Amino acid sequence: MYWQSTYHFRSIWKNGLWLMSGLLIGWICSSCISGDGSSSDSTSSAEVRPMSAADSLVLLFQENPDYYSTGFDFPVGKPDAKGYYNAQGFGKNNHLGDDWNGTGGGNTDLGDPIYSISEGYVTESVNFYGGWGNVTRVAHAIKGQWSIENGQLVKDTTRQAEPYILESLYAHSQRVLVKQGDFVERGQQIATIGNAEGVYLAHLHLEIRERARMELGDGYGSNRNGYLDPSWFIKKYRKLKK
C-alpha cells in the first residue's frame, strides 16, 4: 500500500514536471510569434516577398542602361516601312495591332526581315501554333517617370519605379532569330515574316502593349485596355532621350 502510494505520487510529480515544461516551451515559442502569426524577427515576410515581374524588368534595365529606348521605328522595311503597307490597322474590325504586308501582295513577303522597333529585352519567344504561330515579345524601357494616358506617354512623378516598361509583340513569324533572355538593339533583325504555317497569307502582326507580360490574348477585342495603336505610337516617339 505504501509502495503503491509512493509510486502514484512520483508518477504525478513526473507528469507535472513534463506538463510544466511543455507550458514553458509553449510560452517561449509564442513570444517569438506576433499576433498575426508572423515571426517577430526583424526580417518580416513583407521584406522578403518575391519580386514582381514588372519590378524585375525595371531592375534589369537599370543594371543595363545601354538598352534604354532611344525611340521607335517600324518593324519592316526599316526604319520607315518602305515596301510595306498596313493592311489592317489598329481598331479596324476590333484589331488590337497592325498587320504589315509587302506591297507585292500574297506571299511575296514570306521570309522578309522583322526588326525590333526599339532597344529591349526578349521576354518571350514561343510557338503557340494555331492562329498565333511563332510569337516574340520584347520589353522596352523608357527612361524617366512615365505613365500611359489615352495612348501616349505622360509625366508621372508619383511613380517610384523608373524606367517605364512597355512591350512589343511580333506574331506569325516563319523563323525566330532570338530567344528569351536576349537583349536586342533598335532595328536588329529578330525574325522573318511568316504565315503561321499556312494559316494566313504572309504578314506580320504587330502589337504594342502598355505593360510587359500581359496575357497573350486573341489579337482582336472590343476592350482595348492595355493596347496601344502601334503606327501612331511609333510616329509619335521616333526619338527619345536615353
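**Figure 1. Ala-81 sits in helix α3, and its backbone does something a bit unusual.** Helices (H or I, at least four residues) and strands (E, at least two) are DSSP runs, numbered from the N terminus. This is a predicted model, where local features need pLDDT of at least 70 and side-chain atom pairs count only at pLDDT 80 or more, while totals for chains, interfaces and linings use all residues. Residues are numbered from 1 along each chain as its sequence is written, and side-chain values use heavy atoms, leaving out hydrogens and water. Ala-81 isn't a glycine, yet its phi is positive, at about 65°. Its relative accessible area is 8%, so Ala-81 counts as buried (buried is under 20%, exposed over 50%, partly exposed in between, using a 1.4 Å probe and protein chains only). Helix α3 also holds Pro-79. A cis peptide bond connects Lys-78 to Pro-79, with omega at about 0°.

**Figure 2. Arg-213 is another non-glycine residue with a positive phi, this time near 60°.** Look for Arg-213 in the loop between β12 (204-209) and β13 (227-228). With a relative accessible area of 38%, Arg-213 is partly exposed.

**Figure 3. Phe-61 and Phe-183 bring two parts of the chain together.** Searching the whole structure turns up seven aromatic pairs. In such a pair, ring centres of Phe, Tyr or Trp (its six-membered ring) lie within 6.5 Å; planes under 30 degrees apart are stacked, over 60 edge-to-face, and the rest tilted. Phe-61 and Phe-183 make an edge-to-face pair, with 6.3 Å from centre to centre and 85° between the planes. Phe-61 belongs to helix α2 (residues 53-62) and Phe-183 to strand β10 (residues 183-184), so their pairing ties together parts 122 residues apart in sequence. Phe-61 is buried, at a relative accessible area of 0%, whereas Phe-183 is partly exposed, at 24%.

**Figure 4. Phe-72 meets Phe-233 edge-to-face.** Here the centres are 5.3 Å apart and the planes make an angle of 75°. Phe-72 comes from the loop between α2 and α3 (77-81), and Phe-233 from helix α4 (residues 230-236), so this pair links distant parts of the chain, 161 residues apart. Phe-72 is buried, with a relative accessible area of 0%, and Phe-233 is buried with 0% too.

**Figure 5. Four rings gather in one aromatic cluster.** You've already met Phe-61 and Phe-183; Tyr-67 and Tyr-121 join them in the cluster.

**Figure 6. Lys-155 hovers over the face of Trp-146.** The distance to the ring centre is 4.4 Å. To count as a charge over a ring, NZ of Lys or CZ of Arg must be within 6 Å of the ring centre and within 35 degrees of the ring normal.

**Figure 7. Glu-167 and Arg-137 form a salt bridge.** Their closest N and O atoms are 3.4 Å apart (a salt bridge needs a side-chain nitrogen of Lys or Arg within 4 Å of a carboxyl oxygen of Asp or Glu). Glu-167 is in strand β8 (residues 164-173) and Arg-137 in strand β5 (residues 134-142), so the pair ties together parts 30 residues apart in sequence. Glu-167 and Arg-137 are both buried. The count for salt bridges comes to seven.

**Figure 8. Here are some other salt bridges to look for.** Arg-209 and Glu-207 meet through their side chains at 2.8 Å, N to O, and both residues are buried. Asp-182 pairs with Lys-179 at 3.1 Å, N to O; Lys-179 is exposed, with a relative accessible area of 53%. Asp-73, Asp-80, Arg-186 and Arg-238 are joined in a salt-bridge network.

**Figure 9. Asp-98 is buried but has no salt bridge.** You'll find Asp-98 in strand β2 (residues 98-102). Lys-235 is the nearest side chain of opposite charge, and it's 8.3 Å away (Lys and Arg count as positive, Asp and Glu as negative; His and the chain ends aren't counted). A polar atom of the Asp-98 side chain does lie 3.1 Å from the backbone nitrogen of Phe-90. Setting aside neighbours within four places in sequence, Asp-98 is in contact (heavy atoms within 4.5 Å) with residues including Asn-86, Gln-88, Leu-204, His-205 and Ser-231.

Definitions and conventions:
A polar contact is a pair of N or O atoms within 3.5 Å; within protein, one must be able to donate a hydrogen and the other to accept it, and residues adjacent in sequence count only if both atoms are side-chain atoms.
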